[in-house]
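Dear colleague,

I am handing over the structure we spoke about, and I would be glad if you looked through it alongside the notes that follow.

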Amino acid sequence: MENNLPAGSGRLLALDVLRGMTVAGMILVNNPGSWGAVYAPLRHASWNGLTPTDLVFPLFMFIMGVSTYLSLRKYDFACSGAAVRKILVRTAVIFAVGLAVGWFSRFCFSMQSLAEQGVPLWERVARSANNFDRIRVLGVLQRLALSYGAGALIAVTVRRRAIPWIAAGLLAAYGLILLSGNGFDLSP
């Protein structure tokens, strides 16, 4: 099978294909056409179910983990100034892009609703641009950014043998939080 990537690009074709399929799935899930008649697999499942829609975020997390490993391999997983700087910059950029996407979505929605009310264009733009109070600060991209930042910093600052213990500790702590907050309630 022919590889169309440039020699020495360091890209993993299978990862790029999975990333593309996941982005296509995300677009399909977020834009199903008519929200009044959505194909059942494009909806999130009830608490005790699973649909293809529920796999989009975990696939992004998996892709991010593999990409993080490939990216930090060139630093030999050592905590250097260059590695930490790269991690922090990438985290900040992904977080900022998430905020920008959220703001732009609110801007477009506000522009449309104000246009339906007959508000003049200049006033629509001014009112729509100032909608920062409605931005979801911890949206999907922002959560991915924070997860990447935490995971990558753990990867370069902690010995490899300790990482599974950290993961198990985080899962146990999360389970305790769910139990204390009635997060395991399976009633509809």
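Does F104 count as buried, partly exposed or exposed, and what is its relative accessibility? Please keep in mind that this is a predicted model. F104 counts as partly exposed, because its relative accessibility is 49% and the partly exposed class covers what lies between 20% and 50%. F107, by contrast, has a relative accessible area of 16% and is therefore buried, the cut-off for that class being under 20%.

These two residues are also linked through their rings. The structure holds 3 aromatic pairs, and one of them is formed by F104 and F107, whose rings are stacked, with 6.4 Å from centre to centre and 20° between the planes. Both residues lie in helix 3, where they are 3 residues apart, which is about one turn of the helix. Together with W103, F104 and F107 make up one aromatic cluster.

Helix 3, which spans residues 81-116, also contributes to the surface, since it supplies the largest share of a nonpolar patch, namely 4 residues. The patch covers about 390 Å² and is made by V89, V93, V97, V101 and L141. Of these, L141 has its place in helix 5, residues 140-157, and, with a relative accessibility of 32%, L141 counts as partly exposed; a residue of a patch needs over 30%.

With kind regards

Definitions and conventions:
Residues are numbered from 1 along each chain as its sequence is written. This is a predicted model: local features need pLDDT of at least 70, side-chain atom pairs count only at pLDDT 80 or more; totals for chains, interfaces and linings use all residues. Side-chain values use heavy atoms; hydrogens and water are left out. Patches are made of residues with over 30% relative accessible area and no salt bridge: like charges are joined within 9 Å, nonpolar side chains (Val, Leu, Ile, Met, Phe, Trp, Tyr) within 5 Å. Accessible areas come from the Shrake-Rupley method with a 1.4 Å probe; for residues, only the protein chains shown count as cover. A salt bridge is a side-chain nitrogen of Lys or Arg within 4 Å of a carboxyl oxygen of Asp or Glu. Buried means under 20% relative accessible area, exposed over 50%, partly exposed in between (1.4 Å probe, protein chains only). Rings of Phe, Tyr and Trp (its six-membered ring) pair if their centres lie within 6.5 Å; planes under 30 degrees apart count as stacked, over 60 as edge-to-face and the rest as tilted.
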